[in-house]
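Here's a quick tour in questions and answers for anyone meeting this structure for the first time. Take a look, then read on.

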Amino acid sequence: DLNKQLRAINKILLAPLQDYEAVLLSQIKELADYEVGFEVRSLENVVQKVSFALPSATQLNAAVFATPLMIVGPDNGKLLESFIKDFTTKEATKVSNILRTGAAQGQTTNQVISTMRDAVDVSARNAESIARTALQHTAVQARQSTYNSNSDLVEFVQWLSILDGKTSAQCKALSNQKFPLNEGPRPPIHIRERSTINAVLRAPYDRLSRGGEQKARAPYLEDGELKRGPLTEVPADQTYYDFLKNQPAAVQDSIIGPTRGKLLRNGGISSQRFAELQLDKNFKPITLAEMRELDPIAFMNANIPE
């Protein structure tokens, strides 16, 4: 009976997925504990002779597991355990559907196995993406919990984006933006997020959290393909679009497209204003037509026709 076979196979498939779920949740708890300790040590290295408080286990657990993910799309608002569990359930259902469809279409065993192998390869890549996203959420929320426990010392939370050619449209626009302690977006806002957050301290300690440097990889073109350059250091307050403005025009066009590249170079607007024109209020990238409505003068300055 096909349904009996499917149930048996589904049980076999669910076992490694449930193992994956259990291992990932264990790693999440370990990372959360490590991250709060690391963050407190880092802050105390910046501000000498001041003790920063560690969040309680209850506060940390709530930050990681009771704070909804801000991922743009269908996963928006999910709690972390649901985000992971929904993935494992979906992957098991996907393989069951392959078996059911193969039987209904009279496919050979080899044909079904070939389709399943492709699906398993995709599933492995998806599992990595889910794990990266879940661990990034954990690290960020552990930091946020630490900042909340030290609200007398921490005034703002700063978004830190990776400065290279692979940065997403959302993270380019949010680069180095500062938000009140419990307001604004937090990474991850998309799958495989690489951005993180940093504390901006209150006076008189704020001067100690200014300055410094951040890592960047200036991209370059080779045979028309965008490559990552060597690791360099740039000022800590440099935003993604400040960084991009210093790259050759061809690199700019390769990363954000020729029209946006021309607007960045010739629109007569600051990097900050350019960043503001990239996302809507829900942090979704907006179209060129929507950008033109928001700032038609910049398009005129850049001589970009309608």
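Q: Which residues touch the most other members of the largest nonpolar core, and which helix gives the largest share?
A: This is a predicted model, and its largest nonpolar core has 29 residues. Tyr240, Tyr241, Leu244, Ile256, Leu263 and Phe274 touch the most other members. Several elements chip in with two or more residues, including helix 5 (169-174), helix 7 (249-256) and helix 8 (258-266). The largest share, four residues, comes from helix 6.

Q: Which residues outside its sequence neighbourhood is Tyr240 in contact with?
A: Skip the neighbours within four places in sequence, and you still find contacts for Tyr240. They are Ile162, Leu163, Asp164, Gly165, Thr167, Lys172, Ser175 and Ile255.

Q: How many residues are in the second core?
A: This core is separate and includes Leu24, Leu60, Ile71 and Ala131. Its size is 20 residues.

Q: Why do the buried residues of helix 7 sit on the same side?
A: The buried ones are Val251, Gln252, Ile255 and Ile256. An α-helix has 3.6 residues a turn, so residues three or four places apart point the same way. Here the four share a side of helix 7 because they cover an arc around the axis of only 105°.

Q: Is Phe179 buried or exposed?
A: Phe179 lies in strand 2 (residues 178-180). Beyond its close sequence neighbours within four places, its contacts include Phe156, Trp159 and Leu174. Its relative accessible area is 12%, and the cut-off for burial is under 20%, so Phe179 counts as buried.

Notes
Residues are numbered from 1 along each chain as its sequence is written. This is a predicted model: local features need pLDDT of at least 70, side-chain atom pairs count only at pLDDT 80 or more; totals for chains, interfaces and linings use all residues. Side-chain values use heavy atoms; hydrogens and water are left out. A nonpolar core is a set of buried Ala, Val, Leu, Ile, Met, Phe, Trp, Tyr and Cys residues joined through side-chain atoms within 4.5 Å. Buried means under 20% relative accessible area, exposed over 50%, partly exposed in between (1.4 Å probe, protein chains only). Contact means heavy atoms within 4.5 Å. The arc is that of the directions from the helix axis to the C-beta atoms.
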